[in-house]
Amino acid sequence: MAEPRYYTTAEKAKLALLVARAAAGGDRGKIGARIDAIQAEAVAREEAEDAAREKAKQDARDAKAKAKAERDGKSYWF
């Protein structure tokens, strides 16, 4: 499974709690599954953020190209 680049504060808190439970002798199978679920959510969140960032960049490029085309297409009469 892919590792996330970073965790949010809430994700860090959840992971710390799960690690503490595992250290205290909790069911490592269940705890491991929950840690995997948190990691999967973090990766999905990062992928969604990356997609939104890329879309915003593309929208900015399109707007810039449209503005340039409109500027270049006009003729100025004095």
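## Starting from A23

A23 sits in helix α1. With a relative accessibility of 67%, A23 counts as exposed, because the cut-off for that class is over 50%. A23 also belongs to the face of α1 turned away from the helix's buried side, where the exposed residues T9, K12 and A23 are found. Its C-alpha atom lies 45 Å from that of K57, a residue 34 positions away along the chain.

That is a handy place to begin a tour of this model, which is a predicted one.

## Overall form

The protein holds two helices and zero strands. Taken along the principal axes, its C-alpha atoms fill a box of roughly 85 × 20 × 10 Å. The radius of gyration is 23 Å, whereas a compact globule of 78 residues would have a value near 12 Å.

Of the 78 residues, 15% count as buried. Among the contacts with a separation of 6 or more, 66% are between residues 24 or more positions apart.

## Helix α1 and its two faces

Helix α1 covers residues 9-23. From first C-alpha to last, its 15 residues reach 21 Å, close to the 21 Å expected at 1.5 Å a residue.

Which residues of α1 are buried? They are E11, L15, L18 and A22. Viewed down the axis of α1, these buried residues fall within an arc of 65 degrees, so they line one face of the helix. What does that face meet? The buried residues of α1 pack against α2.

L18 makes a good close-up on this side of α1. Its relative accessible area is 2%, so L18 is buried. Setting aside neighbours within four places in sequence, L18 is in contact with I31, R34, I35 and I38. By contrast, K64 is 46 residues from L18 in sequence and 48 Å from it in space, C-alpha to C-alpha.

## Between the helices

Just after α1, G25 takes a positive phi of about 100 degrees. D27 is placed in the loop between α1 and α2, and with a relative accessible area of 45% it is partly exposed.

D27 also gives a sense of distance along the model: D27 and R71 are 44 residues apart in sequence, and their C-alpha atoms are 66 Å apart in space.

## Helix α2

Helix α2 runs over residues 28-73. At 1.5 Å a residue its 46 residues should span 68 Å, and the end C-alpha atoms are 67 Å apart, which agrees.

The buried residues of α2 are I31, I38, Q39, A42, V43, R45 and E46, and they pack against α1. This list includes polar and charged side chains, and two of them deserve a closer look. Q39, in helix α2, counts as buried at 12% relative accessibility. The side chain of Q39 is joined to that of E3 by a polar contact of 3.4 Å.

R45 is also in α2. Is R45 buried or exposed? At 19% relative accessibility it counts as buried, because the cut-off is under 20%. Not counting residues up to four places away in sequence, R45 touches Y6, Y7, T8 and E11. One of these partners, E11, is itself among the buried residues of α1.

## The nonpolar core

Where do the two helices come together through nonpolar residues? The largest nonpolar core has five residues: L15, L18, A22, I31 and I38. Both α1 and α2 supply at least two residues of this core, and the largest share, three residues, comes from α1. In soluble globular proteins, nonpolar side chains tend to be buried together.

I31 shows how the parts meet. Not counting residues up to four places away in sequence, I31 touches L18, R21, A22 and G26. Two of these partners, L18 and A22, are members of the core along with I31. The contact between L18 and I31 also appears in the list for L18, which names I38 as well.

Note on methods. Residues numbered from 1 in each chain as written. Predicted model: local features only at pLDDT ≥ 70, side-chain atom pairs only at ≥ 80, totals over all residues. Heavy atoms only, no water. Core = buried A, V, L, I, M, F, W, Y, C linked by side-chain atoms within 4.5 Å. Buried < 20%, exposed > 50% of the residue type's maximum accessible area, 1.4 Å probe, protein only. Helix = DSSP H or I, 4+ residues; strand = E, 2+ residues; numbered from the N terminus. Contact = heavy atoms within 4.5 Å. Expected span 1.5 Å × (residues − 1). Arc of directions from axis to C-beta. Polar contact = N/O pair within 3.5 Å; in protein donor to acceptor, adjacent residues only side chain to side chain. Rg over C-alpha atoms; globule rule 2.2 N^0.38 Å.
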